[in-house]
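Hello,

Here is the structure I promised to pass on. Please open it first, then read my notes on its aromatic rings below.

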Amino acid sequence: MNPIRWITTTEHLAWQEREAPSLSAVSAMPSVLLQLDNPQQTIEGFGASFNEMGWDALALLDADAREDILRDLFAPGAGLNLSLCRMPVGANDFSRDWYSYDEQPGDLALDHFSIEHDEQTLLPFIHAAQQQRPGLRLWASPWSPPTWMKSNGHYAGAMPHPAFGNVQNGLREDQVGHEGTDMFLVDDAHLTAYARYFGRFIDAYAQRGIRIDTVMPQNEFNSAQPFPSCTWTPESLARFIRVLGPEMDARDVQVFLGTLERADDGMVTRVLDDPEASPWVRGLGAQWAGRGAVPFVHHDNPDLPIWQTEQECGDGRNDWRHARHAWQIMRAFFNNGATAYMYWNMALLEGGVSRWGWSQNSFVVVDPHTREHRLTHEYQLLKHVSHLVQVGARVVPTLSYSGFENQLAFTNPDGSLVIVAHNDGGAPADVSYLVGHQVLAVTLDPDSFHTFVIPPTSGD
């Protein structure tokens, strides 16, 4: 029998292989019961987002270093095993600047549509990832439609916040958008043109060897932001999905409702209650405060796939504190039905400052002066899950009568069991996991992450 693998990470020492004990007979009440007879949702993959500023950061490195990073991010068995990733449709807050694929006012026929802008950044970034993982799945969402499709005629929806420095976005006070309203011009002509805009986007990328299999109609459809954004009411989203669904179906592309960024499951229900829109909604994308709605959506729609679409972005410090916070978010999503989990930026320059002044975290940080890079705590955290949890794994519920609830467990298609645990305390913690009819008894170091991989047939 293959031995149990035990990998541990602390703030100062990452990904250390340790000798694990064998399973032993049960002699007392275990700390944690693994409910192997009650597997839950199936995992579709882990990922992050392709962004222009990420490629610009990687472009500063020499070819060998960049290749090493791409292998660590995407190659099966190498590092993070990213297999399901996001990309923007046009500009987002980590683009070099604002753009869309058609800025010719009133061009409902899309005669001026072009993805030429992406040829310098997104296309080479994705092609480089495909070299490491040819079967990489992609999904896409816009942050803003073309400005002439919006009531305010601008890419942004809010004034810059003073906390992000002296950054200007050119928005006037009379152009500010508001949650609960439609910034899109919701009429048949613009809805039809916008659905065709999505279609042209899918086709143009396919012509360049990049298949996108899923779209979501709007990033954070409830939020007016100082970067590209567009608010929609659920009723107008439903009206758009009625048109978008057939356009995507003709290309074998599925539509998810997303991305939800409010703890309000009513925003989902109001779309799903539309009898013409709901058949086209194949899943939900949720992020940030959207996790507050996920338990209710999952309860009411247990067969609806739920993708966590953007890990909270941090503050550019990439510190251990935020990695601990990120773990709690991950637990919340997987314990409430999430089938996929995605981070945000893969790589950024030191400080992680967006075009709009917000410093954010990333897996890889590049020093623009030395042109060297480092992997962050959140890279190591996600690796504890994504490196060993296979696509097709099932979430295993855990139960504790002793207050040990800080873990996730999965059964892989090959029959192996993966337990990921966090001791968030300042002292060692003795924990025992009931695996079938046997126990794995271990001591978890203070403030540490651990992954255990138990081979098939163990614990019988």
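Start with the ring cluster. Ring pairs join Tyr99, Tyr101, Phe113, Phe184, Tyr194, Tyr197, Phe198, Phe201, Tyr205, Trp232 and Phe240. Bear in mind that this is a predicted model.

The cluster is part of a longer list. The count of aromatic pairs comes to 34. One of them is Phe46 with Phe334. Their ring centres lie 6.0 Å apart, and the planes meet at 65°. That makes the pair edge-to-face. This pair also links distant parts of the chain. Phe46 belongs to strand E5 (residues 45–49), while Phe334 belongs to helix H8 (residues 320–334). The two are 288 residues apart.

Are these two rings buried or exposed? Phe46 has 2% relative accessibility, so it counts as buried. Phe334 has 1%, so it counts as buried too.

Now back to two members of the cluster. Trp232 and Phe240 have ring centres 5.4 Å apart. Their planes are at 25°, and stacked means under 30 degrees, so this pair is stacked. Trp232 is buried. Phe240 is buried as well.

Two arginines are also worth a look. The charged end of Arg18 sits over the ring of Trp6, 4.2 Å from the ring's centre. Arg355 lies over the face of Trp356. Here the distance to the ring centre is 4.3 Å.

Best wishes

Note on methods
Residues are numbered from 1 along each chain as its sequence is written. This is a predicted model: local features need pLDDT of at least 70, side-chain atom pairs count only at pLDDT 80 or more; totals for chains, interfaces and linings use all residues. Side-chain values use heavy atoms; hydrogens and water are left out. Rings of Phe, Tyr and Trp (its six-membered ring) pair if their centres lie within 6.5 Å; planes under 30 degrees apart count as stacked, over 60 as edge-to-face and the rest as tilted. Helices (H or I, at least four residues) and strands (E, at least two) are DSSP runs, numbered from the N terminus. Buried means under 20% relative accessible area, exposed over 50%, partly exposed in between (1.4 Å probe, protein chains only). A charge sits over a ring if NZ of Lys or CZ of Arg is within 6 Å of the ring centre and within 35 degrees of the ring normal.
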